[in-house]
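Visitor: I would like a close look at a single part of this structure, taken slowly. Please start with how far the model can be trusted, then go to the part itself.

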Amino acid sequence: MKLNLHRLWVFEQVVKCGGFSAAARKLYMSQPSVSQHVHKLEVSLRTTLIDRTGARPRLTDQGEVLLQYAQRISSLAQEVAAAIDRVSDVPSGRLLVGSTSTCGNHLLLPVLARFAERFPEVECHLKVGNTSEVMGLLADGEVRLAVLPGDWAGSSRHYRRERILDEQFLLVAHPGHPLAGCAVTPADLERQHFLFREEGSATRRAQDDALARWKLSPARCPQISGNETLKHAVLAGLGIAVLPQRCVARELREERLALLRPDPELPACAIVLATSRETSFSSAEREFIGLLRTVDDAWVVGGGSPLPDGGVPVGGPGVPGPLAAPAGIADDPATRVG
């Protein structure tokens, strides 16, 4: 028996993608070529790995066993590449980072730009999704580093988390809204039309937590996918929304959005760097993590203070700046990533 590692990798991609055609699109190969690779792997192992008789390909018992080993081999191959890369003075290879849309657009893009300027030999990849999607990418090894809100549900047994900075959530409205710039109570908000993100996003969890904090029941309304689309819905006057400060900083500076100052106010959420505990970092990843640790609020898109008047939001004082990391988010040398 001769086990071809490339064919083994193709087989793993077929399983991950849920079929031969999807794997072919991902791998930029023809569907017959993908099928042939898997067929030759089956011939070399003298068994059937994938049952093709149904509407969707299904792993046989032998295929299930092989998949477990294929995943272990892929992980070991990454460790080998990282170990070899560590002996190089100049970072090279690929940098795979996952993030939510807000962190990706307003935090990581400036960091990646600076990183690419310093290390042009490194091929940088940023994959963006909601928190649940990025957690899935991290679990599957599709990304090796992830920047996520600190309330994500990953197990501390499998993942390392290091606080990078804090994200303040704000309640915003169109400047023409009757409550724009006002201090408001839950009673003032009771009849307001709130706009919401989709389930699975960090912003949606912050929105649900905010309404629970104010003891309000959300009215039934369509969910809006993505913070940028949700922000534009508020800009259009369709309702009010809880959104991350970094997402609305520019619009607040330009007075195209206005703050509502609720009592009780909204807490901050830590932004964390997450990695698998089994990850062995390449030199490129170590350099990127080091650069990420230098991030502060000056990295907000547009530069300078994230809010008008050195941090005092539009509508007057009363909204705090960044807070200390919430309980349970490690930020000491013993638990730092890397």
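What pLDDT does the chain average, and what share of the residues score at least 70? After that, please show me the largest pocket and what lines it.

Guide: This is a predicted model. The chain has an average pLDDT of 81, and 83% of its residues reach at least 70. One stretch to read with care is residues 299–335, where pLDDT stays under 50. For that stretch the model has 81 contacts beyond four places in sequence.

Now to the pocket. The largest pocket has a volume of about 1,500 Å³. It is lined by 45 residues, and those closest to its centre are Ser74, Gln78, Asp140, Gly141 and Glu142. Two or more lining residues come from each of these elements: the helices α1 (5–17), α2 (20–27), α4 (61–86) and α6 (131–140), and the strands β3 (93–99) and β4 (122–128). The largest share belongs to α4, which gives twelve residues. Sorted by class, the lining holds 15 nonpolar, 15 polar and 15 charged residues.

One of these lining elements, α2, also packs against another helix. The axes of α2 and α3 (residues 31–45) come within 8 Å and cross at roughly 110°. Angles of 65 to 115 degrees count as roughly perpendicular, so α2 and α3 are roughly perpendicular to each other. In this contact, Phe20, Ser21, Ala23 and Ala24 of α2 meet Gln31, Val34, Ser35 and Val38 of α3. Five of the contact residues are nonpolar, three are polar and none is charged.

Methods: Residues are numbered from 1 along each chain as its sequence is written. This is a predicted model: local features need pLDDT of at least 70, side-chain atom pairs count only at pLDDT 80 or more; totals for chains, interfaces and linings use all residues. Side-chain values use heavy atoms; hydrogens and water are left out. On a 1 Å grid over the protein atoms alone, a cavity is a set of points where a 1.4 Å probe fits but cannot get out, and a pocket is an open set with protein on both sides within 12 Å along at least five of seven lines; lining residues have an atom within 4 Å of a point. Grid points are joined across faces, edges and corners, and a volume is the space filled by probe spheres set on the points. Helices (H or I, at least four residues) and strands (E, at least two) are DSSP runs, numbered from the N terminus. Ala, Val, Leu, Ile, Met, Phe, Trp, Tyr, Cys and Pro count as nonpolar, Asp, Glu, Lys and Arg as charged, and the others, Gly among them, as polar. Axes are lines fitted to C-alpha atoms, for helices over the stretch in contact, and angles run from 0 to 180 degrees between N-to-C directions. Angles under 35 degrees count as roughly parallel, over 145 as roughly antiparallel, 65 to 115 as roughly perpendicular and the rest as oblique. Contact means heavy atoms within 4.5 Å. pLDDT is the predictor's confidence in each residue, from 0 to 100.
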